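User: I'm new to this one and would like to know how the labels people put on it are justified. Could you walk me through it?

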Amino acid sequence: MKKRLIPLFMSLFLLTGCGDGSGLPFAREMGDMALLRTMGVDRGEDGGLLVTVSTGRRARGLQQEAEPPLLISAAGGSLSEACLTIQGQSDNYVFYGYVDQLLLGEELAKQGVEQILNYYARDLELSLGAQVWVVRGTARATLDANQEEGVEGQLSVLQTGSEIGAAGIARTAGELLSDLEEGSATFLPMLQTVDDGEAALVETGYVVFRGEKLVGVLEGELAKGVELLMSHAPAGVIQGELPARQDILQERQVHTAYHPVFQGDELVSVEIRCQVTADLTEFSDKLSNEQLELLRQKVEQREETRIRMALTALQGWDADCISLGRKLGINDPAHWNWLEEHWEDLFAQISFDVIVEATIRCTYGAI
Amino acid sequence: MKQQISSQQFFAILWAALMSPAAELLPAVTVPVAGRGAWIGILLAAPVMALLGAVLFRVSRKAQGGLAEVAMSALGSILGRAVILLYIVWGIFLLALRMRLCAQRLMDAGYQDSAMWFLVVIVAGMALWMSLGKLPAFGRTTQVFFGVLVIVAVLVVGLAAPQVRTENLLPLWKEDMMPAIRSALPSLGCLSYGVFAAFLVGNTCWEEGDGKRWLWWTALGCIALALMQLVVIGNFGPGLVEKLDKPFFDLAKSIGVKGAFQRVESVIAAVWTFSDLVILGLLLRAVSTGARTAFPKAGGRAVSAMALVPAAVCALALFPDGITPQSLSRGPMLWVGVMLGGGLPLLIAAIAEFRQKRK
């Protein structure tokens with residue numbers, strides 16, 4: 001028994017952490033750590049990167065009073081160099097494991113983002129599950145403008161809103177990298193800081209990437225068109241479609257299907273069938289059947305225009321950021337090999353046959 | 001008197017041991033071959049594994065022992081010993097490789113803060129402790145470990161499943177079938193670690209209906225591994241999976257439950273040590289059983305320690321960086337696995353069957 005206990009007691013010396021040779025991880029107190037939540041990356045002045053990190057509001061003290069976020073900024077030739085500099089600038093041990101929001105500056109996005117995304121794929125602390133946003137202007141300015149309250153809460157609300165259909169499409173670093181690996185284009189949501197006395201982040205649309213570089217911005221109706229193409233119900237309401245009435249509609253469900261139309265072995269067009277379900281959320285008096293039919297047609301026309309506008313813009317940039325080629329392949333797997341080979345060349349010229357089918361639901365019974 | 005485990009414990013040891021290489025290798029080794037159809041390979045490997053197991057059980061029962069006893073009775077003492085020695089050398093090399101990979105994963109889970117030698121020593125010590133105890137105790141411990149591993153695996157796959165994107169998995173058409181069939185080979189290489197469980201067949205208390213149970217375990221195990229690959233590929237897409245070092249653990253990094261936990265990969269990496277300990281324990285027990293059968297004078301416990309020391313030294317000396325063991329396990333060791341874990345046992349079983357029929 002004694003013989004068995006000796007090695008056990010000897011091994012306990014290792015747990016003391018005495019000396020550099022103990023082999024155990026470094027001891028860290030939670031209170032001495034800066035748990036980062038948001039990372040902003042901009043193009044640096046000398047062609048390098050400017051990285052700004054934020055902890056979000058921190059709970060401190062007996063009453064858990066919230067302290068303003070800790071903001072640290074550093075420049076470097078690469079993301080790892082800037083991150084090391086940040087560690088040197090902080091009084092606390094900087095931990096990147098909780099970074100779940102990545103803000104990319106507009107200029108950096110034009111220059112290319114693959115280096116940043118690859119770092120997210122390889123780094124031990126950072127995760128591909130982080131939400132990625134492109135910000136108008138610089139990420140540094142965005143984080144500075146929201147210095148008091150931090151952007152974390154607002155970004156989290158946007159992310160949740162996206163999941164429940166109350167905001168635009170949110171995207172993760174993994175989705176972005178996956179799109180770039182499988183195709184040649186992708187898109188990201190774009191944010192802008194609006195300062196009406198208190199800084200707030202608002203969605204302005206989407207930025208389109210061809211390869212790793214930003215090639216265009218989709219705003220307003222074009223952004224809604226991309227949402228429809230992605231089977232995502234656009235946030236916001238539709239109003240004033242019928243003359244002399246103030247009916248308000250809210251789109252709840254969207255399902256868009258894609259079918260390639262072949263003549264022989266040649267792809268001649270793509271049929272896009274978009275089914276929209278909208279709820280009549282506000283109305284002054286009951287609509288007649290004729291009015292409802294007219295409203296339905298107006299919604300269909302409106303959504304068709306949105307889709308066509310978005311497709312024209314994407315074709316202009318030759319950027320299939322909605323993975324249309326692969327979606328066509330799913331519907332027609334027999335032609336997938338042909339499509340995979342030719343889609344890049346065809347996308348910019350192919351004609352689209354857009355069909356929108358709207359269903360309007362109202363609170364006073366079935367239509 | 002022979003120490004014996006139940007057939008349920010045997011199956012738990014086999015699949016708990018396979019979970020560690022499977023999480024590291026799948027779908028990283030199948031995607032370069034079959035792209036988005038990589039998950040099909042393991043389903044095609046399942047009948048081969050089931051057949052190999054059935055044949056080995058059959059000849060083992062007649063030889064009243066495990067793979068070592070079958071090799072000795074089928075190939076004679078000289079060739080039989082040579083074959084067992086080959087498995088012992090391969091086993092020690094795999095011990096070194098698995099110890100290094102396990103230590104690397106623990107180091108990554110601690111964000112590179114620890115020392116590699118320390119983790120290798122700890123893992124080796126734990127493996128030795130597990131292999132020196134009684135076999136039934138090892139079997140019972142493994143059943144508990146296996147339960148925990150299954151719960152964690154279900155949690156990871158279940159939380160990541162809603163993020164699967166159809167366009168990462170489809171389209172699949174007849175052109176994709178040949179690559180999918182070819183990906184059965186690396187899948188078999190991954191399952192080949194299981195051949196060391198065949199050394200314990202002689203120490204297992206088999207019952208009526210265990211043949212069916214073997215088929216069920218194989219089918220369910222392979223379906224679970226196919227599902228895991230399906231979710232990994234569906235989340236990242238085949239292109240990104242090829243770029244990632246450990247896709248399954250990267251997937252674990254991407255999941256979280258808002259308001260409950262944000263990051264779980266360190267916990268998952270730590271839980272996966274259970275599988276590493278089982279595979280290391282299995283390898284040590286297989287080496288020890290093989291040595292005892294081929295060289296009856298070799299003491300069982302001493303053999304375990306004698307196998308572990310060179311393996312631990314090799315783990316530190318042969319693999320100074322993290323890239324070498326990973327590329328070895330993804331490349332040459334898979335093919336060695338297919339030959340020694342699939343081809344050679346099948347040949348031994350065929351010879352044993354032939355000899356038994358002649359008698």
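Analyst: Here is a round of questions and answers about this predicted model.

User: What makes Cys83(A) count as buried?

Analyst: Its relative accessible area is 7%, and buried means under 20%, so Cys83(A) earns the label.

User: Which other residues of helix H2(A) are buried, and how do you know which side they are on?

Analyst: Along with Cys83(A), the buried ones are Leu79(A), Ala82(A) and Ile86(A). They cover an arc of only 100 degrees around the axis, so they sit on the same side of H2(A). Leu84(A) and Gly88(A), on the other side, are exposed. As for what the buried residues pack against, that's strands E2, E3, E6 and E7 plus helix H4 of chain A.

User: Why would residues a few places apart point the same way?

Analyst: An α-helix has 3.6 residues a turn, so residues three or four places apart point the same way.

User: How do you know that Cys102(B) isn't in a disulfide with Cys190(B)?

Analyst: A disulfide needs the two sulfur atoms within 2.5 Å. The closest cysteine sulfur to that of Cys102(B) is in Cys190(B), 16 Å away, so that's too far for a bond. Searching the whole structure turns up zero disulfides over all chains. Cys102(B) is also buried, because its relative accessibility is 1%.

User: Why is the pair Arg122(A) and Asp245(B) called a salt bridge?

Analyst: The N to O distance is 3.6 Å, and the cut-off is 4 Å, so the pair qualifies. This pair crosses between chains, running from helix H4 of chain A to the loop between H10 and H11 of chain B. Asp245(B) has a relative accessible area of 39%, so partly exposed is the right label.

User: What makes Arg361(A) and Asp279(A) a link between separate parts of the chain?

Analyst: Their closest N and O atoms are 2.7 Å apart, in a salt bridge. Arg361(A) is in strand E17 and Asp279(A) in strand E16, so the bridge ties together parts 82 residues apart in sequence. Arg361(A) is partly exposed at 37% relative accessibility, whereas Asp279(A), at 16%, counts as buried.

User: How do you know that helix H6(B) has the span a helix should have?

Analyst: At 1.5 Å a residue, its 26 residues should span 38 Å. The end C-alpha atoms are 37 Å apart, which agrees. Among the buried residues of H6(B) are Leu135(B), Phe145(B) and Val156(B), and what covers the buried residues includes helices H1, H5 and H10 of chain B.

Methods:
Residues numbered from 1 in each chain as written. Chains lettered and ligands numbered in written order. Predicted model: local features only at pLDDT ≥ 70, side-chain atom pairs only at ≥ 80, totals over all residues. Heavy atoms only, no water. Helix = DSSP H or I, 4+ residues; strand = E, 2+ residues; numbered from the N terminus. Expected span 1.5 Å × (residues − 1). Buried < 20%, exposed > 50% of the residue type's maximum accessible area, 1.4 Å probe, protein only. Contact = heavy atoms within 4.5 Å. Arc of directions from axis to C-beta. Salt bridge = Lys/Arg side-chain N within 4 Å of Asp/Glu carboxyl O.
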